[in-house]
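Here are some exercises to try with the structure open in your viewer. Work through each task on your own, then compare your steps with the solution.

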Amino acid sequence: MRRRILAALGGTVLAIGLAACGGEGAGGGDTAGERPTELTIGVSMPTQTSERWIADGKAVKEKLEAKGYRVDLQYAGDDIPTQSQQVDQMITQGADVLIIAAIDGTALSGQLQAAADAKIPVVAYDRLIRGSSHVDFYVSFDNYKVGVAQADALLVGLGLKKKDGSKGTATGPFNVELFAGSLDDNNAHFFFDGAMDTLKPFVDAGTLKVRSGQVKIEQAAILRWQQETAQKRMEDLLTSSYNDGGKVDGVLSPYDGLSRGIITALQNAGYGAGGRKMPVVTGQDAEIASAKLINDGVQNSTIFKDTRLLAEQAVVVAEAFLQKKEPQANDTRTYDNGVKVVPSFLLPVQTVYKDDIKPVLVDSGYWTAEEVAAGQAKG
């Protein structure tokens with residue numbers, strides 16, 4: 001892979017993840033004594049419409065193949081029946097472990113039952129799979145803290161907080177609007193809850209005003225995290241709630257793709273031109289197009305989730321199962337999927353403002369300075 005895992009960070013993740021307790025994992029068959037070249041890992045990713053998922057799939061595949069494993073990587077095109085069929089196929093073709101980033105966290109119960117019947121362990125990748133006891137492990141980031149970080153970034157951008165968490169000099173009131181992710185993605189709820197718990201005191205005090213009145217996740221949600229849908233919703237909000245000359249000061253956006261749609265709607269309405277200040281817009285995933293927007297002063301911030309480390313951790317967990325060991329979790333309380341609490345390994349996140357692009361994204365090898373300037377990955 002073009003981008004590299006920093007040796008120190010990768011080593012830390014490996015050291016933590018491979019620490020195994022006694023007892024056997026949920027692995028299928030007698031895989032402990034087999035060579036990697038005799039084992040196949042099925043990797044199911046939701047879509048190729050987001051550069052984030054393309055990078056995830058590539059990273060997981062390359063890291064597994066570097067260890068000698070056979071990898072069946074499939075993308076489902078954001079289509080639930082397609083993902084179901086692909087996972088079915090992985091099971092019937094004899095996958096030894098499944099790593100699944102689900103489109104809909106409740107739509108794979110039949111496939112998970114089939115995997116359990118075949119004694120194939122299932123690792124939920126970044127998106128928790130709900131409603132089944134046959135989810136053996138979950139690798140992700142601390143998604144509630146992602147939401148907190150997004151809300152804090154909004155408050156910092158508005159001047160209500162400083163980066164160190166202390167009180168800012170601004171007093172408001174500020175008009176803000178709220179966006180959430182797809183309701184069928186379990187992470188969207190954690191993001192929104194973390195953000196709203198952080199923003200609520202400011203809303204209650206009148207420092208932040210949501211002119212549209214749309215403060216529930218069902219009102220703010222964007223199905224499948226689609227950029228075009230976010231743009232249309234922002235356009236509708238501007239028409240319905242700001243047609244009296246009022247201005248938007250900030251927008252809570254949980255994902256860079258949504259942020260770009262929101263920004264397009266704002267720019268089309270005249271924000272960012274003619275002396276009309278662009279609202280503070282948050283984001284997530286440090287996508288290259290948004291890294292450029294942050295560098296150019298258009299988007300305020302993004303939450304960087306180093307998916308290189310997530311891919312590394314998924315490999316560690318898969319190997320533990322194949323070796324009939326129990327992967328070590330660092331969270332055994334948070335992620336209740338409605339049937340069981342799924343043991344999880346959660347990775348940290350970082351907030352990236354313009355000043356953080358070089359030390360966090362460029363110096364770590366995630367993006368190059370040239371890619372940030374162009375807003376496009378070299379591949």
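The exercises below go from helix geometry to sheets, helix packing and cores, and they all use a predicted model.

**Exercise 1. Helix length**

Work out what span to expect for helix 5 (residues 143–158), and compare it with the distance between its end C-alpha atoms.

Solution. Start with the rise of 1.5 Å a residue. The expected span is 1.5 Å times one less than the number of residues, so the 16 residues of helix 5 should span 22 Å. Next, take the end C-alpha atoms of helix 5, which are 23 Å apart, in agreement with that value. Finally, look just past the helix: glycine 159 follows, and its phi is positive, near 90 degrees.

**Exercise 2. The two faces of a strand**

Are the residues on each face of strand 11 buried or exposed?

Solution. Recall that side chains in a regular strand alternate between the two faces of the sheet. On one side of strand 11, find Ser344 and Leu346; on the other, Phe345 and Leu347. These residues are all buried, so both faces are covered. Now turn to the partner: strand 5 runs parallel to strand 11, joined to it by four bridges. Within this pair, phenylalanine 141 stands opposite leucine 347.

**Exercise 3. An open sheet**

Find which strands are at the edges of the open sheet of four strands.

Solution. Write down the strand order, 7-6-8-9, with parallel pairing. Each edge strand pairs on one side only, and these are strand 7 (208–209) and strand 9 (280–281). Then check an inner pair: three bridges link strand 6 (residues 174–178) to strand 8 (residues 250–252) in the parallel sense. There, glutamate 177 stands opposite valine 251.

**Exercise 4. Two helices crossing**

Describe how helix 8 (residues 227–241) and helix 9 (residues 256–268) cross.

Solution. Two packed helices are described by the angle and the distance between their axes. For helix 8 and helix 9, the axes come within 7 Å and cross at roughly 40 degrees. That angle makes helix 8 oblique to helix 9. As for handedness, helix 8 passes helix 9 in a right-handed crossing.

**Exercise 5. Nonpolar cores**

Which residues touch the most other members of the largest nonpolar core?

Solution. Among the 30 residues of this core, they are Leu64, Ile99 and Tyr125. Then ask where the members come from: the elements giving two or more residues include helix 2 (51–66), strand 3 (97–100) and strand 4 (122–125). Helix 11 gives the largest share, nine residues. Finish with the second, separate core of 26 residues, which includes Val146, Tyr255, Val281 and Ile303.

Technical notes:
Residues are numbered from 1 along each chain as its sequence is written. This is a predicted model: local features need pLDDT of at least 70, side-chain atom pairs count only at pLDDT 80 or more; totals for chains, interfaces and linings use all residues. Side-chain values use heavy atoms; hydrogens and water are left out. A nonpolar core is a set of buried Ala, Val, Leu, Ile, Met, Phe, Trp, Tyr and Cys residues joined through side-chain atoms within 4.5 Å. Buried means under 20% relative accessible area, exposed over 50%, partly exposed in between (1.4 Å probe, protein chains only). Two strands pair if DSSP finds at least two bridges between them. Axes are lines fitted to C-alpha atoms, for helices over the stretch in contact, and angles run from 0 to 180 degrees between N-to-C directions. Angles under 35 degrees count as roughly parallel, over 145 as roughly antiparallel, 65 to 115 as roughly perpendicular and the rest as oblique. A crossing is left-handed if the near helix is turned anticlockwise from the far one by less than a right angle, and right-handed if clockwise.
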